[in-house]
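Please open the model in a viewer and keep the selection panel at hand. The tour below proceeds stop by stop, stating at each what to select and what is found there.

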Amino acid sequence: GWDVAATGRRAERLDALRREIEAAGGGCRTLAFDIRDEAACHAALDGLERIDLLVNNAGLSWTGLFQDTAYDAWRRLFTVNVDGAYHCIQAVLPRMLHEKEGNIINVTSIWGLHGASCEVAYAATKAALVGLTKSLAAELAPSGIRVNAVAPGCIDSDMLRALGKDTVASLAQETPLGRIGTA
C-alpha cells in the first residue's frame, strides 16, 4: 500500500518496475539519476513530498585478485556502494529529523561480514556499510529514526551471473540450502 519512488540510472528498467507496481495497485514515481552525483541525488530526492523509508541498494561488484585491483576500480566501487548511500542519507535525513521518524535500510552483503577471496574491494564496501549502519543507528535512535542493514547471501542477479556458471554452482554448494537465492 505504499507509494514508491524508484531510483536508478536506467530509465527503461525504472519504467518496467513502475508498470509492475502500478499493476499490483501501488503508486510509483521514477527518478533516473546517477547515485555518484551528489547534486543529482539531492535534486531528485528533494522533490519528494515525504520519505518514510529509504532503501540503499545500489551496488557494483568487481572480481579479481587484490593485487590486480586498479585504484580506479576500487574508487568506483566505493563511490557507488558507499558514497551513494551517503548522498541518499544526507538528502533525506533533514526531513526525517524534522519529523522525528523514518527508516533507513542499507543493503550490504554476507561478504561485508565475512570477507570474500577475489572480492576484496566489494567486501570492503559492504563492510563499510555495516559500520555506517551500526553507527548511524546509534546516532539517530534518539530522534526516532531506525537504521538497519540487510546482508543477503548470493542472490540470482546480473552481478552474480557475470561470475560464470561454475562459480555460481560453487557458491550455491557453499550455502546452507545448497542453492542461490532469488529476489
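Select threonine 69 and leucine 65: a polar atom of the threonine 69 side chain lies 3.1 Å from the backbone oxygen of leucine 65. As with every distance on this tour, the value is computed from a predicted model. Threonine 69 sits in the loop between strand 3 (53-56) and helix 3. Its relative accessible area is 16%, so threonine 69 counts as buried, the limit being under 20%. Now display the surroundings of threonine 69: setting aside residues up to four places away in sequence, threonine 69 touches Trp62, Trp74 and Ala121.

Keep tryptophan 62 selected and add glutamate 20, which belongs to helix 1. These two residues are 42 positions apart in sequence, and their C-alpha atoms are 30 Å apart in space. Glutamate 20 is exposed, with a relative accessible area of 56%.

For a contrasting pair, select threonine 79, a residue of helix 3, together with arginine 36. Here the separation in sequence is 43 residues, while the C-alpha atoms are 6.0 Å apart. Not counting residues up to four places away in sequence, threonine 79 touches Arg36 and Gly84.

Next, the salt bridges. How many salt bridges does the count come to? The count is 9. Begin with arginine 36, which is already selected, and add aspartate 34: their side chains meet in a salt bridge, with 2.6 Å from N to O. Arginine 36 is partly exposed at 35% relative accessibility, and aspartate 34 is likewise partly exposed, at 24%.

Move to helix 1 (residues 11-23) and select arginine 18 and glutamate 22. The closest N and O atoms of this salt bridge are 3.1 Å apart. Because the two residues lie 4 residues apart in helix 1, about one helical turn separates arginine 18 and glutamate 22. Arginine 18 is partly exposed at 24% relative accessibility, and glutamate 22 is partly exposed at 38%.

Then select arginine 75 and aspartate 83, whose side chains form a salt bridge with an N to O distance of 3.6 Å. Arginine 75 has a relative accessible area of 30% and is partly exposed; aspartate 83, at 26%, is also partly exposed. To see a network, select Arg13, Asp156, Asp158 and Arg161, which are joined into one by salt bridges that share partners.

A charged residue without such a partner is the next stop. Select lysine 126 in helix 5. Lysine 126 is buried but has no salt bridge. Which side chain of opposite charge is nearest to lysine 126, and how far away is that side chain? The nearest is glutamate 119, at 9.9 Å. That distance exceeds the salt-bridge cut-off of 4 Å, so the pair does not qualify. Turn instead to valine 107, whose backbone oxygen is 3.1 Å from a polar atom of the lysine 126 side chain. Beyond four places in sequence, the contacts of lysine 126 are Ala58, Asn81, Val107, Thr108, Ser109 and Gly112.

Now consider the cysteines, for which the disulfide count is 0. Select cysteine 88 and cysteine 41. Why do these two not form a disulfide? The sulfur of cysteine 88 has its closest cysteine sulfur in cysteine 41, but the separation is 3.5 Å, which is too far for a bond; a disulfide requires the sulfur atoms to be within 2.5 Å. Cysteine 88 is buried, with 5% relative accessible area, whereas cysteine 118 is partly exposed at 29%.

The last stop is the interior. In soluble globular proteins, nonpolar side chains tend to be buried together. In this model the largest nonpolar core contains 34 residues, and Leu45 and Ile104 have the most contacts inside it. Two or more residues of this core are given by each of helix 2 (38-46), helix 3 (71-99), helix 5 (120-140), strand 5 (145-150) and helix 7 (165-174). Helix 3 provides the largest share, 8 residues.

Finally, centre the view on isoleucine 104 and display its contacts. Leaving aside neighbours within four places in sequence, the contacts of isoleucine 104 are Leu54, Asn56, Ile89, Met96, Leu140, Ile145, Arg146, Val147 and Asn148.

Definitions and conventions
Residues numbered from 1 in each chain as written. Predicted model: local features only at pLDDT ≥ 70, side-chain atom pairs only at ≥ 80, totals over all residues. Heavy atoms only, no water. Core = buried A, V, L, I, M, F, W, Y, C linked by side-chain atoms within 4.5 Å. Buried < 20%, exposed > 50% of the residue type's maximum accessible area, 1.4 Å probe, protein only. Contact = heavy atoms within 4.5 Å. Lys, Arg positive; Asp, Glu negative; His and termini not counted. Polar contact = N/O pair within 3.5 Å; in protein donor to acceptor, adjacent residues only side chain to side chain.
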